[in-house]
Amino acid sequence: MSATYNASDWEVSGYMDGGVGAGIAGGYWTFIFRSRAANYAGLYGFAGGGLGFGGRGGSVSLPEFGGEAAHYSYTRIDCNRIFSANDLDGCYGRLTTAGAGAGAGYGLCSISAVNMGGSLFSSQDVNGPGFTAGASAMTTMGIWARITVLSFSMT
């Protein structure tokens with residue numbers, strides 16, 4: 001695995017989010033980023049604060065079922081420039097999310113990341129069904145941080 005390899009084939013999966021109040025919003029979200037070219041997969045967190053309304057418990061995207069094992073669904077990232085896993089670690093970003101559900105629901109999520117070299121990706125949709133309770137909408141500004149390196153797999 002190479003955290004320093006600059007790639008343009010990044011994919012992202014899943015997120016969990018926190019609660020929202022009237023006006024002030026914030027939370028912590030987790031995403032898996034992977035790249036075949038970099039032979040890399042990592043779990044990243046985004047912590048942010050901003051504006052929003054409503055309230056919702058944690059949300060987890062559902063895996064895709066098929067083949068021999070269940071796996072998370074991934075969305076290809078439209079990169080504004082090639083970047084490495086290390087480039088994403090410590091980036092500033094924006095996360096906008098909205099969703100509703102009682103047990104099962106659907107969430108909309110858009111993510112962006114930028115560092116001193118410029119924008120890595122902007123307004124990348126990471127939408128999907130999930131498990132949640134409540135309804136909310138928010139826009140936050142925050143920081144991306146690598147939590148751990150994962151075993152690489154394209155399944």
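**Notebook: cysteines, core, a glycine contact and two positive phi values**

I began with the cysteines, and a search of the whole structure returned zero disulfides; I note at once that this is a predicted model. I then looked up the accessibility of two cysteines, C79 and C91. C79 has a relative accessibility of 24% and is therefore partly exposed, since the buried class ends under 20%. C91, at 1% relative accessibility, falls under that cut-off and so counts as buried.

Next I turned to the nonpolar core. Which residues have the most contacts inside the largest nonpolar core? The core has 25 residues, and those with the most contacts inside it are W10, F31, F33, L88, I111, F121 and W144. I also listed the elements that give two or more residues to this core, and they are the strands β2, β3, β8 (92-115), β9 and β10 (128-149) together with the helix α1 (85-88).

I followed W10 further, leaving out residues up to four places away in sequence, and found that W10 touches F33, R34, S35 and Y40, then T75, R76, I77 and C79, and also F83, S84 and A85. F33 thus appears in the contact list of W10 as well as among the core residues with the most contacts, and C79, the partly exposed cysteine, is in the contact list of W10 too.

My next entry concerns G49, which I located in strand β3. Its relative accessibility is 35%, so G49 is classed as partly exposed. How far apart in space are G49 and G26, C-alpha to C-alpha? The distance is 4.1 Å, although 23 residues separate G49 and G26 in sequence. With residues up to four places away in sequence left out, I found that G49 touches A25 and G26, and also T139, T140 and M141.

Last, I checked backbone angles, bearing in mind that most residues other than glycine have a negative phi. N39 has a phi near 50°, a positive value in a residue that is not glycine. I placed N39 in the loop between β2 (23-35) and β3 (40-56). The relative accessibility of N39 is 37%, so I recorded this residue as partly exposed.

S123 also has a positive phi, about 45°, and is not a glycine either. Does S123 lie in a loop or in a strand? I found S123 in strand β9, which covers residues 118-125. S123 has a relative accessible area of 45%, and I therefore entered S123 as partly exposed.

Terms used
Residues numbered from 1 in each chain as written. Predicted model: local features only at pLDDT ≥ 70, side-chain atom pairs only at ≥ 80, totals over all residues. Heavy atoms only, no water. Helix = DSSP H or I, 4+ residues; strand = E, 2+ residues; numbered from the N terminus. Buried < 20%, exposed > 50% of the residue type's maximum accessible area, 1.4 Å probe, protein only. Disulfide = S-S within 2.5 Å. Core = buried A, V, L, I, M, F, W, Y, C linked by side-chain atoms within 4.5 Å. Contact = heavy atoms within 4.5 Å.
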